[in-house]
Amino acid sequence: MNSAANSRMIEIVHVNRTFQRADGQMVKAVDNVSVVIKEGEFVCLVGPSGCGKTTLLQMVAGLLEPSDGGIAVAGREISGPGRERGMVFQKDSVFPWMRVIDNVEYGLKCRGVPAAQRREIARTYLERVGLGHVEKAWPRELSGGMLKRVAIATVFANGSRVLLLDEPFGALDYVTRHQLQSVLLDLWDEGGAAARRTVLFVTHDVDEALSLADRILVFHSGHLVDDLAVTAERPRSTDSLLLPDMVAIKHKLLAHLGLEKRAKPLAIVQDGAAS
Amino acid sequence: MITSHVHRDRWISVAVFLTLAAIWQVLSMVYTAEAQPGEPMIAGWQVLFTNTFLAMSDYWQGGFGVPAVADGAARSYPAAFLAVASHSIDTIGRLAIGLAVGGAAGLLFGLAVSWSRWTRRLFDWPLQFLRTLPLLAMVPLFQLWFGTYFLGEVLFVAYGIGVIVFAGTVNAVRNVPQIYIDNARSLGASRWTLCRTIVLPAIFPAMRSTILLSLGAGWSAVLGAEYLGAQSGLGYIIVYAQQFAYLDRMFFIALLFIVYTSISYWAIGRLSARWLAWAPPSQRR
């Protein structure tokens, strides 16, 4: 892979997705979205529910096909799911019939990694997410937050270069959510800035987006309506959210979500502002 | 507290069982009518475990140094025991092989229906059609096609079980949560791996009731097949006894059936509960 292809990790080109509702009416869930995401970027997708952010994420994952347009990852057009794109789902996706460690090993096993090697990798990531002590437990014995840790360990163990997270912490309590955000950031940053994975993170929590993202994409009714860079230094703290730049971005986000009055009328971003 | 509840429940079950046995004994003493001289309509326990059991010698073909009654030997307990054992083995063997063949075929076709659009077109409609054929009406056909000793009975049992397992599998696969399939695919599972590591374990809790249901159908099917023309097995003894109005022998075999079916339900229940160690307790009962 050359560096030019690498820097353009995810290319989404004029992607559309229409659904047929039960009453026969066609609904455009994603409407002509184009955006380029660089390698190592942590991108949050924000928008009111039903804005198409999850649909877009599922298309990048390969679980849904675009009605029109194309998506390329690391320079290759995708068709179907692939292990270079790991997905963490909103609902519990940990397989209840496998012990915790077997869950973390699952992707490696699918690729035929030798048993001893995959166990070592799985143990490493279970330790990293703080679950070294429950590797032999059944998932039913774990709390919701612990299950999310297992899901995160699983995608990291699988060595995906792109991580797709669909409101992963939406159903968790405040404390657990913040713990898991730092677990995620630590893993993302484990090899230093040069080795960072590319992350697409869907959330409806404005503060979550501000404390995690390098860049925030805002969606509304299937359109990409804003593309905001978050330049605050890492690691970020509660105080970071009070920096003038951050407060300005927060106001913009709240306006897009309809919680604050807009300063100017809504404009649709074409072809990705950052490309 | 929970263990003491279980303990108490068990004692209640034993008490009910003993009461039923006692009622039967009382009935046999009150209602003494006979189907024919020496053949009580209701045989008490003292008859069932002596005369009736001894009479089972009649169904012993001879061997193991114990001669057959048909060859002029007197009835004996060894001959009775061997007769009951050999006919039981015939029946249970037919059931077990039919269960294995029918269960495997039903599962395979059930999975095939959800494998792809093409396999669905290929298997779904014909198998749904096959399902609607009344089971017992098929007995004479199976016997004419496949004979009355082994193949005919086994295939008939397999057919009876296969259609139930097929329907259960199709239904269970339909209910596998999509998120597990999506997750496995995005982790890199091939379609075959998906079927083996996700679909099969995911359908198992639902399949447990299907397996128990098909076990019941299997016992009926093997008995039905033996009623209608088999030359051995417990069903054959019942038919033979009915022709001579040996009510006590019929009742004895019926009791034997209750014992066997109870053991088979218990064994499969225990085994599947072990395989479901991962599931919440509510799904293991």
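**Close-ups of a predicted two-chain model**

For chain B, an unreviewed UniProt entry lists residues 12-31, 95-116, 128-148, 154-173, 194-213 and 251-268 under "transmembrane region". Everything below comes from a predicted model, so read the legends with that in mind.

**View 1. Two of the listed chain B spans, looked at as secondary structure.** Take residues 154-173 of chain B: the span is 100% helix and 0% strand. Its end C-alpha atoms lie 27 Å apart. Residues 251-268 of chain B also come out as 100% helix and 0% strand, with 26 Å between the end C-alpha atoms.

**View 2. The open sheet of chain A.** Here we've got four strands in the order 2-1-4-5, with antiparallel pairing. Strand 2 (26-37) and strand 5 (76-77) of chain A each have a single partner strand, so they sit at the edges with one side lacking a neighbour in the sheet. As general background, strands of a sheet pair through backbone hydrogen bonds. Zoom in on strand 4 (residues 68-73) and strand 5 of chain A and you'll find two bridges holding an antiparallel pairing. In that corner, A:Val73 faces A:Arg76 of strand 5.

**View 3. Helix 2 of chain A against the sheet.** Helix 2 (residues 53-61) of chain A packs on the sheet and touches strand 1 (10-20), strand 2 and strand 4 of chain A. The direction of helix 2 makes about 120° with that of strand 1 of chain A. Not much of this helix shows: seven of its nine residues are buried. The buried set is A:Lys53, A:Thr55, A:Leu56, A:Leu57, A:Met59, A:Val60 and A:Ala61, so yes, there's a lysine in there. Right after the helix comes A:Gly62, with a positive phi near 90°.

**View 4. Two edge-to-face ring pairs.** Over all chains, a search of the whole structure turns up 29 aromatic pairs. One of them is A:Phe42 with A:Trp188, edge-to-face at 5.3 Å centre to centre and 85° between the planes. This pair links distant parts of the chain, with A:Phe42 in strand 3 (residues 42-46) and A:Trp188 in helix 6 (residues 174-188) of chain A, 146 residues apart. Both A:Phe42 and A:Trp188 are buried. Over in chain B, B:Tyr59 and B:Tyr240 have ring centres 5.5 Å apart and planes at 85°, so this pair is edge-to-face too. B:Tyr59 belongs to the loop between helix 2 (45-55) and helix 3 (77-113) of chain B, while B:Tyr240 is in helix 9 (residues 234-243), 181 residues apart. B:Tyr59 is buried at 3% relative accessibility, whereas B:Tyr240 is partly exposed, with a relative accessible area of 32%.

**View 5. A ring cluster, plus two arginines over tyrosines.** Ring pairs tie A:Phe95, A:Trp97, A:Tyr106, B:Tyr180 and B:Trp278 into a cluster, with members from chain A and chain B. For charge over ring, look at A:Arg128, whose charged end sits 5.6 Å from the centre of the A:Tyr125 ring. In chain B, B:Arg249 lies over the face of B:Tyr246, at 3.7 Å from the ring centre.

**View 6. B:Ser186 and its chain A contacts.** B:Ser186 is part of helix 7 (residues 178-186) of chain B. At 1% relative accessibility, B:Ser186 counts as buried. What is B:Ser186 in contact with, leaving aside its neighbours within four places in sequence? The contacts are A:Pro81, A:Gly82, A:Arg83, A:Arg85, A:Met87 and A:Phe89.

Methods: Residues numbered from 1 in each chain as written. Chains lettered and ligands numbered in written order. Predicted model: local features only at pLDDT ≥ 70, side-chain atom pairs only at ≥ 80, totals over all residues. Heavy atoms only, no water. Pairing = 2+ DSSP bridges. Contact = heavy atoms within 4.5 Å. Axes fitted to C-alpha atoms, helices over the stretch in contact; angles between N-to-C directions. Phe/Tyr/Trp six-rings, centres within 6.5 Å; stacked < 30°, edge-to-face > 60°. Buried < 20%, exposed > 50% of the residue type's maximum accessible area, 1.4 Å probe, protein only. Lys NZ or Arg CZ within 6 Å of the ring centre and 35° of its normal. UniProt positions renumbered as here; feature names shortened; annotations may be inferred.
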